[in-house]
Structures are given as structure tokens and as C-alpha cells.
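Student: I am new to this structure. Please take one part of it and go through that part closely.

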Amino acid sequence: MLESEKIIVGKILNTKGLKGTLKVKNLSDNPNRFDKGNFIFIEGVNKEKKIINSYNFKGFYYIDFEGIDTLSKAEIFKSKYLYVEKKDLRDLSDEEYYIFDVINLPCFYKNKSVGYIKDVLTDYPNEVFVLDTNGVEVLVPSIKHFVKEIDLNNKVVKLDNLEDLYE
């Protein structure tokens, strides 16, 4: 399977305890992504791993995977990403999008190209688009006041009220 057919859903930050538990930062909006019984790919491993136990504590998931049952087996996965196959993602409503769908989309303001979405920051109450405008990054909150339309069919983002960012 090509890496491009997989979507990042988490990052392994550390280990916990002696039995191979992995501390994971959730990068998915699916609240059931790391439930017991689900299968996840770990970066560098070609076969999916089954989750045999997981719990959420203080914003992180602690996950036990089948076959990773010692500290030494778990340590090799520090800093690795967790993936699911793109085909396994849930269908979205017309108002929703996956972050990977908007990365690199061109942005227009008053029918003029102003750059493209370089990244999406998710550690805020609202997502924030990192707009690359000829090498200069501009942070644009992904709210209706600034993002007029995300047109995935035509692969374009229409922006509005950008002058308000500088007030």
C-alpha cells in the first residue's frame, strides 16, 4: 500500500509502563478511532496492528497493541505515526472536510490569488489555516468571517474580510 493511501491519525509520543503501552497524541476527529478491537497501521510496519486495550487520560490515548507487550518492543515505536487507510475514513457532510483535502489548495480573495494553504493548525478552538503568500505565512482562522467557501469539487478556497486580520 502506498503511503499516500494512508492518513495520519495519531503520533506515538512515548511508552508507559513495562507492558508495552504506548502514549499517543490523537490527530483524528473520530472519537472512536482508538477503541479496543480497531486496527491501525504503525509507521514502518506493513501490517495493521489490533488495539487490545486503550484509554484516554488528560488528552492522550494510552494504547496496547497486539504483539507489543514489552517495554523493549514498544520503545522502537517512539515518535512514529499511526495511520488508517483512506478508504476507511467516514463520509463527511457537505460542511466538513479532511485536513489533507485542503492542504495545498489555492486561495482567492476578491477573485485574486493570494496563495495556498500550507498547513492547518488544530490546537485552537477553531482550526487556523497557514496561508503561504509568496513565502510569507499568514494565519487565517477557519471561520465563516474569513473563509467564505471551501470548494473541494473545484479545489479552491475563497477568503473574505482579510483586512480584518490586520486591525
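Tutor: Two strands count as paired if DSSP finds at least two bridges between them. In this predicted model, six strands close into a barrel, and their order around it is 1-2-5-4-3-6 with antiparallel pairing. From one strand to the next, the twist averages 50 degrees.

Take the pair formed by strand 1 (residues 6–16) and strand 2 (residues 21–26), which is antiparallel and has six bridges. Within it, K11 stands opposite K25 of strand 2.

K11 also leads to a loop residue, K80. K80 lies in the loop that runs between helix 1 (71–75) and strand 6 (81–85). Beyond its neighbours within four places in sequence, K80 contacts K11, I12, I42 and E43. Buried means under 20% relative accessible area and exposed over 50%, so K80, at 27%, is partly exposed. Between the C-alpha atoms of K80 and Y116 there are 28 Å in space, while in sequence the two are 36 residues apart.

I42, one of the contacts of K80, belongs to the largest nonpolar core. That core has 20 residues, and those touching the most other members are L22, V24, F34, I40, I42, F65 and L82. Two or more residues each come from strand 1, strand 2, strand 3 (39–42), strand 5 (60–65) and strand 6. A second core, separate from this one, has 16 residues, among them V120, V138, F146 and V147.

Back in the largest core, F34 touches, among residues more than four places away in sequence, V9, G10, V24, N26, I40, I51, S54, Y61, I63 and L82.

Key: Residues numbered from 1 in each chain as written. Predicted model: local features only at pLDDT ≥ 70, side-chain atom pairs only at ≥ 80, totals over all residues. Heavy atoms only, no water. Helix = DSSP H or I, 4+ residues; strand = E, 2+ residues; numbered from the N terminus. Axes fitted to C-alpha atoms, helices over the stretch in contact; angles between N-to-C directions. Buried < 20%, exposed > 50% of the residue type's maximum accessible area, 1.4 Å probe, protein only. Contact = heavy atoms within 4.5 Å. Core = buried A, V, L, I, M, F, W, Y, C linked by side-chain atoms within 4.5 Å.
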